[in-house]
Amino acid sequence: MKTLMILAHPNLKDSVANKHISTEIAAQFNHFEISDIFNQYPDFKIDVEAEQAKLLAADTIIFQFPFFWYNMPAILKQWFDEVFSFNFAYGSKGDKLRGKNFLLSITVGGPEEAYTPIGYNHFAIEELIRPLQQTAYLSQMNYLKPVYTHGLTYVPGVYNTKEVVLQRADNHIKKLAAVLEGITNTSAEVRIERFVKDWFAKFDVLADASSFTPYINNDTKFQFVEGEFTGIKGFETWYTNIKNILKPNNEHRIESIIIQEENNAFDVYLTIKLKAEKVSSELLQLNVKEHWKLVLTTNGQIQIKEYIVNEL
């Protein structure tokens with residue numbers, strides 16, 4: 001599997017943390033490419049086709065950048081605006097990034113306690129990067145838990161020492177490497193089980209439909225208690241109706257799970273207990289058996305071919 005790092009730092013030459021992280025992590029993995037977009041496009045004139053080609057060739061995309069004013073550097077914002085274009089990253093034909101891994105790797109200057117309700121920045125990093133999380137969802141990518149580290153600013157004689165920043169950067173590298181190793185080394189069966197549990201966790205909170213559609217094709221067949229549906233549009237129609245009926249914070253309890261594999265195709269057999277509350281405040285309890293047919297694509301992504309639900 002190939003990893004692409006989109007490195008966005010306006011002054012990498014004088015950087016301590018970002019330069020160290022990008023150099024060291026690339027040395028630890030094969031098939032790892034760094035794209036230093038500020039160095040490539042100092043005039044901000046981005047070669048969209050070239051950048052899109054890099055994305056198409058990668059399985060995991062890391063976005064490495066320093067946190068500037070609660071956001072990304074300007075070069076990366078423009079890169080997203082131009083490269084994640086209509087009918088490439090989103091839109092009726094915009095499925096080119098579907099199933100690819102989206103991983104944020106962020107260096108934060110301020111201390112962790114500053115990013116709390118009583119700190120001077122008030123909001124946690126996870127809250128401030130929500131637009132990027134939604135970008136991944138809309139692009140039908142796999143949004144991975146972000147890796148970020150506080151206290152990575154070095155101002156000689158004023159803030160931190162270079163040795164302290166490098167030590168923190170080394171810890172950041174370890175966390176980043178652990179995520180990448182988890183992607184490449186996790187067995188298919190474990191990945192499938194995690195996928196199923198994550199699916200229901202998102203369903204319980206009635207997450208946006210875009211967090212499910214990366215795993216659905218236009219010919220995916222669904223057989224729910226409410227009827228039969230096909231493809232992404234069919235799923236979205238069914239899910240919209242469900243969100244109009246149920247309140248968030250449901251509970252799908254997995255009573256049993258059996259996974260059978262043959263030639264990168266998986267049959268998943270589930271027994272599920274659902275406890276939910278309807279918008280009308282009526283309680284709903286449902287026992288079902290489910291049969292999922294899943295496949296792993298050539299780049300290791302999970303796709304649903306068939307999803308059958310039978311009420312017990």
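Where is the place of Asn87? In this predicted model, Asn87 sits in the loop between helix 4 and strand 4 (101-107), and its phi is near 65°, a positive value in a residue other than glycine. Asn87 is partly exposed, with a relative accessible area of 26%. A positive phi near 65° is also found at Phe44, again a residue other than glycine, which belongs to the loop between helix 2 and helix 3 and is partly exposed, its relative accessible area being 23%.

From that loop the chain leads to helix 3, which spans residues 48-57 and in which Glu51, Gln52, Lys54 and Leu55 are buried. Viewed down the axis of helix 3, these buried residues fall within an arc of 155°, so they line one face of the helix. The partners against which the buried residues of helix 3 pack are strand 1 (3-7), strand 2 (32-36), helix 2 (37-40), strand 3 (60-66) and helix 4 (74-83).

Further along the chain, six strands form an open sheet of mixed pairing, in the order 8-7-12-11-10-9. Its edges are strand 8 (227-230) and strand 9 (251-262), each of which pairs on one side only, and the twist averages 15° from one strand to the next. At one of these edges, strand 7 (residues 216-224) and strand 8 run antiparallel and are joined by four bridges, with Gly227 in strand 8 serving as the bridge partner of Phe224. Helix 9 (residues 231-245) packs on the sheet, where it touches strand 7 and strand 8, and its direction makes about 40° with that of strand 7. Helix 8 (residues 188-204), for its part, lies across strand 7, strand 9, strand 10 (265-277), strand 11 (283-296) and strand 12 (302-311), and runs at about 150° to strand 9.

Terms used
Residues are numbered from 1 along each chain as its sequence is written. This is a predicted model: local features need pLDDT of at least 70, side-chain atom pairs count only at pLDDT 80 or more; totals for chains, interfaces and linings use all residues. Side-chain values use heavy atoms; hydrogens and water are left out. Buried means under 20% relative accessible area, exposed over 50%, partly exposed in between (1.4 Å probe, protein chains only). Helices (H or I, at least four residues) and strands (E, at least two) are DSSP runs, numbered from the N terminus. The arc is that of the directions from the helix axis to the C-beta atoms. Contact means heavy atoms within 4.5 Å. Two strands pair if DSSP finds at least two bridges between them. Axes are lines fitted to C-alpha atoms, for helices over the stretch in contact, and angles run from 0 to 180 degrees between N-to-C directions.
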